Amino acid sequence: MLEGKALVEDTDMPMKMQFHAMSIASQALDHHDVFDYKSIAGYMKKEFDMKYGEGWQCVVGSKFGCYFSHSKGTFIYFTMGSLNFLLFKMAPSSNSHSH
């Protein structure tokens, strides 16, 4: 696992969901190689789909750019060590916020 604590860069998630996202990221890093970004992201997506309903998307890596729409209250972008984590739920067109 990466050393250090998670640092939230931007979010509109409720606090409890934020802590869950960071906990799942930590679990994913315990289960997968730190450079296996796709497996880490897949692990996080599946966990959030099971707990909060389907439609979650996750991006993990050290460098990436993005622009997306998400449902209100479902977005978090945080760092943990040298990795960046972006997790959000796809938005229906009438309930979206862009980042």
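Hi everyone, let me start with one pair of residues: Val-59 has Leu-86 in E5 as its bridge partner. That pair belongs to a longer run, since E2 and E5 are joined by six bridges and run antiparallel. Helix H2 comes in here too, packing on the sheet with touches to E2, E4 and E5. The direction of H2 makes about 155 degrees with that of E2.

Before I go on, a word on what we are looking at. This is a predicted model, with a mean pLDDT of 89 for the protein, and 88% of the residues reach 70 or more. Where is confidence lowest, and where is it highest? The low end is strand E6, residues 96-98, at a mean of 58, and the high end is H2, at 97. Where pLDDT is low, the predicted coordinates should not be read in detail. With that in mind, I'll leave E6 alone today.

Now, the sheet as a whole. Four strands make up an open sheet, in the order E1-E4-E5-E2, with antiparallel pairing. Strand E1, residues 6-11, and E2 stand at the edges with a single partner strand each, so one side of each has no neighbour in the sheet. On average, and ignoring direction, neighbouring strands of this sheet are turned by 15 degrees against each other.

Let's walk through the other pairings. E1 and E4 are antiparallel and share five bridges, and within that pairing Ala-6 stands opposite Met-80 in E4. E4 and E5 also pair in the antiparallel sense, over five bridges. Met-80 turns up again here, with Leu-83 as its bridge partner in E5. The hairpin of E4 and E5 has two residues between the strands, and Gly-81 takes a positive phi there, near 65 degrees.

How many of the five residues of E4 are buried? Four of them are, so to speak of E4 as mostly covered is fair. One residue to look at is Thr-79, which lies in strand E4. Thr-79 is buried, with a relative accessible area of 15%. Setting aside neighbours within four places in sequence, Thr-79 is in contact with Lys-5, Ala-6, Leu-7, Glu-9 and Asn-84.

On to the helices. H1 lies across E1, E2, E4 and E5, and runs at about 45 degrees to E4. In helix H1 we find Gln-18. Is Gln-18 buried or exposed? Gln-18 counts as buried because its relative accessible area is 9%, and the cut-off for buried is under 20%. Apart from neighbours within four places in sequence, the contacts of Gln-18 are Val-8, Thr-11, Met-13 and Ile-76.

Back to H2, then. Its 16 residues, at 1.5 Å a residue, should span 22 Å, and the end C-alpha atoms are indeed 22 Å apart, which agrees. The buried residues in H2 are Ile-40, Ala-41, Tyr-43, Met-44, Phe-48 and Asp-49. What covers them? For the buried residues of H2, the cover includes helix H1 (15-31), strand E2 (56-61), strand E4 (76-80) and strand E5 (83-89). After H2 comes Gly-53, with a positive phi near 90 degrees.

Ser-39 is in H2 as well. Ser-39 is partly exposed, with a relative accessible area of 25%. Its C-alpha atom is separated by 9.4 Å from that of Leu-29, 10 residues apart along the chain.

I've saved the electrostatics for the end. How many salt bridges does the structure hold? Just the one, and the side chains that meet in it are those of Asp-49 and Lys-45, at 2.6 Å from N to O. Why can these two meet within a helix? Asp-49 and Lys-45 are four residues apart in helix H2, residues 37-52, so about one helical turn separates them. An α-helix has 3.6 residues a turn, so residues three or four places apart point the same way. As for their surroundings, Asp-49 is buried, with a relative accessible area of 16%, whereas Lys-45 is partly exposed, at 26%.

That's my tour, and thanks for listening.

Note on methods. Residues numbered from 1 in each chain as written. Predicted model: local features only at pLDDT ≥ 70, side-chain atom pairs only at ≥ 80, totals over all residues. Heavy atoms only, no water. Salt bridge = Lys/Arg side-chain N within 4 Å of Asp/Glu carboxyl O. Buried < 20%, exposed > 50% of the residue type's maximum accessible area, 1.4 Å probe, protein only. Expected span 1.5 Å × (residues − 1). Contact = heavy atoms within 4.5 Å. pLDDT = per-residue confidence, 0-100. Pairing = 2+ DSSP bridges. Axes fitted to C-alpha atoms, helices over the stretch in contact; angles between N-to-C directions.
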